[in-house]
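Visitor: I am new here and would like to be shown around. May I keep asking how each label is earned?

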Amino acid sequence: MDKYNLFEKILIYSGILVFMTFILLPFVEMFYASLRPLDHLFRSPYQFYSDDLSFWAYQEMWNTVPMLGRYIFNSFFLASCVAILTLIFVIPAAYAYARFKFPAKNTSLYLLLAINMFSGAVILIPLYKLLRTLGLLNSYQSMIIPGVAFLIPTSIWLLKSYFEKIPIDLEEAAFVDGASRVQILRHIIAPLSTPGLVVVGIYAFIGAYAQQFLFAITFNQKKEYMPIPTGLYEFIGYQSVKWNEMMAAALVGMLPVLLLFIFLQKYIVEGLTAGAVKN
Amino acid sequence: MAYALIAPAAIYIILIVAWPLLETIRLSFTNSSLAGEDYVGLENYQKMFSSKKFNGIVTRTFVWMFFSVSLKLIIGLIGAVLLNANLKGRSIFRVLVMPPWVVPIAIGMLGWLWLYNGYFGIIAGVGMRTGILDGPFGFLAYKQSAFISTIVADVWVGTPMVTVFFLAAMQGVPRDLYEAAYCDGASRWDRFFKITLPQITPVIITMSLLSAIWTFNSFEIIWILTEGGPRGSTTTLIIDTYKQALGNYKFGRGAARAVVVMILLMLFAGFYLALLARINKKISHG
């Protein structure tokens, strides 16, 4: 195939530069702001240069918002609970979809896809009333319960495709040897599908971490259960917004999911785009 | 057997998603609030549809959506083409494009709040220094600029996913098609318009619909940047539904709006699933 000439290379790289600037500018500017002293940030018009950059905001933020550590813990805790519960519900269902033929199989799979299209916002009212009746408002459960529901559909689809890759002969051999379905699931499917389970678990964790905001502002008013996406807005409540500390805290808050994702992006993207590529 | 394995997930979904959907429809015929509820028939709907404000909100939702989705698709397609070019560093760029998609939206929006800051933000700063702006300008404080600013932030969140899917589709195009075309002397443009584009059209169509659905559902971005303001200029259907239902605890009125949202989403979902079925059919029949 033909190679790019110099002119084309320059053209493509400048295109990439513009594109990447749009994508990354908020992050770069957040990081830069987190390193600058507050009085440099409060200059108008914007100053591009600061000579005394430091990580001071990363220490000070814990004093400005004393509960910050708790918020980060809450986010982790909530996302882990949601991910584990999602896996518990999804593993048997995904296995059934991968291995059995039954009436309404395809219909129900597409119904699952349709659920993905409903935002949480349309079902918030009954959920609010339900959680209120059960006395679960302002608790961890109020954010975990709806969180799981919205991760089940995609997780079933993802895990189903992993299960389908496991050769059915293995199971049939075990079946002939008298192993039960549960034994097959435990001794053959589970070990072979560990990579898939890890990827789906991490997908659920990232998803749960990302979707906390809506459920948190709607169902929880208690500070001690607040996850980081809502907790961060406490920085705005002060007389003058400490932008540098808020940006530092925001970066710390997004770091876990970012690292997990970059680590496993290949697998997650492969799983999510599989349909798009094959079709 | 299969049903027993699916049952837990199915029951969970029915309780937490399906039942609330039906309950929302029932509530829309009541004046439900924290105090209690009475059946009021179609009153919520009559009030809603006769209010000029609500009709404005519906129109605004579709305008906002149209611009946001078009921009995501155009920028996503250009981005995918650029990152598909066989040049050094492309694997790094492919990872670097993803953060806006992965990071919690509520946290990413803090960055945009800072960028849009009228006095100290970098965008206003560049504007002032180049003389485009003659003073501080709060992008989220005026009707038109807030409308555009929320769209830009929404495009920022949505573009990475579109790009990644388009890229995956482009990679899936059989290489021999390109090689054959190259041997026949087709230029790079020809190969793009006659091979790549037709080959990825199914993905483009699917992504347009999916993207339309997600954009329609977009809540956090607008809520955080403007809460639907100033003076309602960024209030979309979802924002309005949320405000009515959980801002004022007027569950009945909120539910009526949620039903409108639901019907529109079902139309989108219907289109999407019909399309998916057609594409799959076409592929299995060659």
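What follows is a short conversation about the labels used for this structure.

Guide: Welcome! This is a predicted model, in which local features need pLDDT of at least 70 and side-chain atom pairs count only at pLDDT 80 or more, while totals for chains, interfaces and linings use all residues. Residues are numbered from 1 along each chain as its sequence is written, and chains are lettered from A and ligands numbered from 1 in the order in which they are written.

Visitor: How do you know what confidence chain B has?

Guide: The predictor gives each residue a confidence from 0 to 100, called pLDDT. Chain B averages 89, and 98% of the residues score at least 70. The model itself scores ipTM 0.89 and pTM 0.90.

Visitor: Why is A:Asn138 called partly exposed?

Guide: A residue is buried if 20 or more other C-beta atoms lie within 10 Å of its own, exposed if 12 or fewer, and partly exposed in between, with C-beta atoms placed from the backbone. A:Asn138 has 17 such atoms within 10 Å, so it is partly exposed. A:Asn138 also has a positive phi of about 60 degrees although it is not a glycine.

Visitor: Where does A:Asn138 lie?

Guide: A:Asn138 is in the loop between helix 6 (124–133) and helix 7 (140–165) of chain A. Helices here are DSSP runs (H or I, at least four residues), numbered from the N terminus.

Visitor: What makes B:Glu227 partly exposed?

Guide: B:Glu227 counts 15 other C-beta atoms within 10 Å, so it falls in between the two cut-offs. B:Glu227, too, is not a glycine, yet has a positive phi of about 50 degrees. Its place is the loop between helix 11 and helix 12 of chain B.

Visitor: Which peptide bond is cis?

Guide: The one from B:Gly229 to B:Pro230, with omega near -10 degrees. B:Pro230 lies in the loop between helix 11 (220–225) and helix 12 (237–247) of chain B.

Visitor: Why is helix 12 of chain B said to be largely enclosed by the rest of the structure?

Guide: Eight of its eleven residues are buried, so the description follows. Among them are B:Leu237, B:Asp240 and B:Tyr242. Just after helix 12, B:Tyr249 takes a positive phi of about 55 degrees.

Visitor: How many residues of chain B are in contact with chain A?

Guide: 83 residues of chain B are in contact with 78 residues of chain A, where contact asks for C-beta atoms, placed from the backbone, within 7 Å. Helix 1 (residues 2–27) of chain B gives the most to that side of chain B, with 15 residues.

Technical notes:
Helix = DSSP H or I, 4+ residues; strand = E, 2+ residues; numbered from the N terminus. Contact = placed C-beta atoms within 7 Å.
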